[in-house]
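Q: I am new to this structure and would like a close look at a single part of it. Please take me through that part step by step, and then place it within the whole.

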Amino acid sequence: YTVKKGTSSTVTVTKVVLNADKTSASLTVNSSYLAETDYTVVVGATSLSFKGVAEKVTKIEIVGDKLVVTDVSGDSPSITTAAIEYYVLNQFGEKMEDTDINVTAAITGMSVDAGATTAAKKGKNGVITLTGKTADLTMGQKGSIVLVDRTNGINVSKVITLSNIATVTSAEYVGLYKDCNDDTNRKLVTSFDDSATAGEYSLLFKVKDQYGNAVKASKLTRDEITVTANGTAGLTATGAFYDVTINDEDYVAYTLAGVPTVGVSTYTFVGNKTGLLANVTVNVTKQVSLASLKISPKETIYNNTPVEVEYTAVDTDGNEVTDYSKLSKLAPVGTTFAVTSNRDTTATGTFAWSQASDGKAVLTYKPSYKDFAGSNNKETTLLPITVKCGTNNVQVYNFTVNYQKEATSIEGVDSTVALAAITKTGKIKLTMADFVIVDQYNNPLSDDEAASLVGAIGVRYSGTSAGFTMTDISTNKASAVSAGT
């Protein structure tokens with residue numbers, strides 16, 4: 001993705017987040033705001049133009065009508081702080097970040113020292129906090145709050161009621177997530193296998209207090225919730241709460257800790273002031289890997305030449321696997337190829353998986369038998385291939401490898417070239433690909449093989465008439481060719 005400002009300068013894209021079905025993308029640039037000008041987003045051969053507009057405050061919203069006590073002090077609890085949230089909205093109805101927002105707050109009708117009310121933005125959530133002389137405050141007392149954006153005069157007022165300290169009353173379980181805190185790779189799952197690492201999976205909750213407000217992770221760690229874990233899956237209650245925002249919605253996630261083993265564990269979340277909040281069952285399954293892999297070459301094998309290998313791959317669930325996206329995950333898990341030989345202890349070979357156009361997995365093998373190189377030994381050799389899946393399944397397959405291909409003769413030129421009407425122009429242009437070149441096994445070489453195995457092609461003119469001019473197209477140099485040359 002490329003973002004261009006105007007006709008020349010480029011804005012650096014620092015983050016790209018695709019939606020689940022890959023139909024839209026959210027781009028983040030390395031600037032706190034976009035200037036009012038024309039922009040173009042380029043993706044491959046496609047482009048989209050738009051005009052940047054200055055973001056401005058159009059509305060302030062106070063969340064609810066309760067000024068909630070957040071802290072008390074003394075044996076006969078005296079209210080010391082209370083708070084209520086607010087949002088600042090732009091002209092598109094979106095919550096604004098704290099950049100260039102200048103909101104002030106005032107509370108009247110309550111016993112508060114002058115200047116004791118503050119409005120602080122933190123990300124997209126603003127908090128109005130009442131502090132100072134609060135000894136005369138009592139629960140249920142009413143007052144008025146006014147918020148003003150001093151930049152453009154946008155304001156809002158609301159009657160509020162001083163309400164009891166918030167406590168967690170509900171924790172709605174949303175789901176089990178992999179990479180929960182990663183906007184790009186976050187994935188909802190139903191279980192995970194015993195190869196999972198610490199912190200890889202989390203339980204996601206929508207946690208609220210008695211006023212319906214979202215509760216932050218920091219509050220849960222202050223004696224608000226007790227977590228226990230029981231079961232056979234090796235999971236423990238030593239994880240941690242953290243905040244997650246998904247599509248502008250606030251959630252709390254809890255990381256799963258312990259050493260996962262195959263089994264089932266149940267997490268219990270209890271509100272210390274309200275009782276049971278949630279029971280969540282987590283299933284840990286056995287990691288699926290390849291149980292067996294049978295192989296055989298599809299064609300004759302020549303040293304240093306890749307060849308496709310037929311295979312039958314079966315996973316530990318008994319399913320035959322041919323899909324590349326699945327097999328590429330399974331094959332590296334405990335699967336190894338070893339090439340050995342009694343004659344050449346350094347014999348090697350490269351096995352590689354690739355994806356065909358239909359999504360199927362393709363296995364290729366390129367042998368490298370060093371006894372062939374630099375010697376007169378050009379016979380066929382037998383290379384044992386050991387395939388190991390996991391710890392128990394070991395199979396040995398014997399691959400017959402022939403000496404590497406060599407270009408030995410030119411059999412002619414491509415039929416389309418041979419039939420070219422040379423008399424019309426007096427010229428004919430020949431490239432390496434126009435010749436039919438065979439190897440010592442009388443197999444025609446592909447264009448790529450010919451290009452790598454043939455250094456140059458000479459021309460002998462054996463006619464009796466006058467010679468002709470031959471131009472080497474690699475150097476564009478012409479030279480005369482006379483009869484018998």
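Is Phe241 buried or exposed, and what is its relative accessible area? Please start from there and describe the strands and rings around it.

A: This is a predicted model, and what follows should be read with that in mind. Phe241 has a relative accessible area of 15%, and because residues under 20% count as buried, Phe241 is buried. Its ring pairs with that of Tyr254 in a tilted arrangement, with 5.0 Å from centre to centre and 55° between the planes. Since Phe241 belongs to strand E21 and Tyr254 to strand E22, this pair ties together parts that are 13 residues apart in sequence. Tyr254 counts as buried too, at a relative accessibility of 2%.

The two strands that carry these rings are themselves joined: six bridges link E21 to strand E22, which covers residues 249–255, and the two run antiparallel. One residue pairing can be followed by eye, for Val244 has Tyr251 in E22 as its bridge partner. Tyr251 also takes part in a contact of another kind, in which the charged end of Lys206 sits over the ring of Tyr251, 4.6 Å from the ring centre.

Stepping back, E21 and E22 belong to an open sheet of five strands, whose order is E16-E15-E18-E22-E21 and whose pairing is antiparallel. The edges of this sheet are strand E16, made of residues 187–189, and strand E21, made of residues 241–246, each of which pairs on one side only. On average, and with direction ignored, neighbouring strands of the sheet are turned by 50° against each other. In general, the strands of a sheet pair through backbone hydrogen bonds, in either a parallel or an antiparallel way.

The rings of Phe241 and Tyr254 also belong to a wider group, because ring pairs, which require centres within 6.5 Å, link Tyr173, Phe205, Phe241, Tyr254, Tyr267 and Phe269 into a cluster. In the protein, the count of aromatic pairs comes to 13. Another of these pairs is formed by Tyr365 and Phe399, which meet edge-to-face, with 5.8 Å between the centres and 70° between the planes. Here Tyr365 lies in strand E31, residues 361–368, and Phe399 in strand E33, residues 393–402, so the pair ties together parts that are 34 residues apart in sequence. Tyr365 and Phe399 are both buried.

Elsewhere in the chain there is a further case of a charge over a ring, where the charged end of Lys95 sits over Tyr87, 3.8 Å from the centre of the ring. Antiparallel pairing can also be followed at strand E1, residues 2–5, which pairs over four bridges with strand E5, residues 38–43; there, the bridge partner of Lys4 is Thr40 in E5. E1 pairs as well with strand E2, residues 9–11, in the antiparallel sense and over three bridges, and in this pairing Lys5 has Ser9 in E2 as its partner.

To place all this within the whole, the protein has five helices and 37 strands, and of its 485 residues 33% count as buried, Phe241 being one of the buried residues. Among contacts between residues at least 6 apart in sequence, 58% join residues that are at least 24 apart. The accessible surface of the protein comes to about 27600 Å², and 49% of it belongs to carbon and sulfur atoms.

Methods:
Residues are numbered from 1 along each chain as its sequence is written. This is a predicted model: local features need pLDDT of at least 70, side-chain atom pairs count only at pLDDT 80 or more; totals for chains, interfaces and linings use all residues. Side-chain values use heavy atoms; hydrogens and water are left out. Two strands pair if DSSP finds at least two bridges between them. Axes are lines fitted to C-alpha atoms, for helices over the stretch in contact, and angles run from 0 to 180 degrees between N-to-C directions. Buried means under 20% relative accessible area, exposed over 50%, partly exposed in between (1.4 Å probe, protein chains only). Contact means heavy atoms within 4.5 Å. Accessible areas come from the Shrake-Rupley method with a 1.4 Å probe; for residues, only the protein chains shown count as cover. Rings of Phe, Tyr and Trp (its six-membered ring) pair if their centres lie within 6.5 Å; planes under 30 degrees apart count as stacked, over 60 as edge-to-face and the rest as tilted. A charge sits over a ring if NZ of Lys or CZ of Arg is within 6 Å of the ring centre and within 35 degrees of the ring normal.
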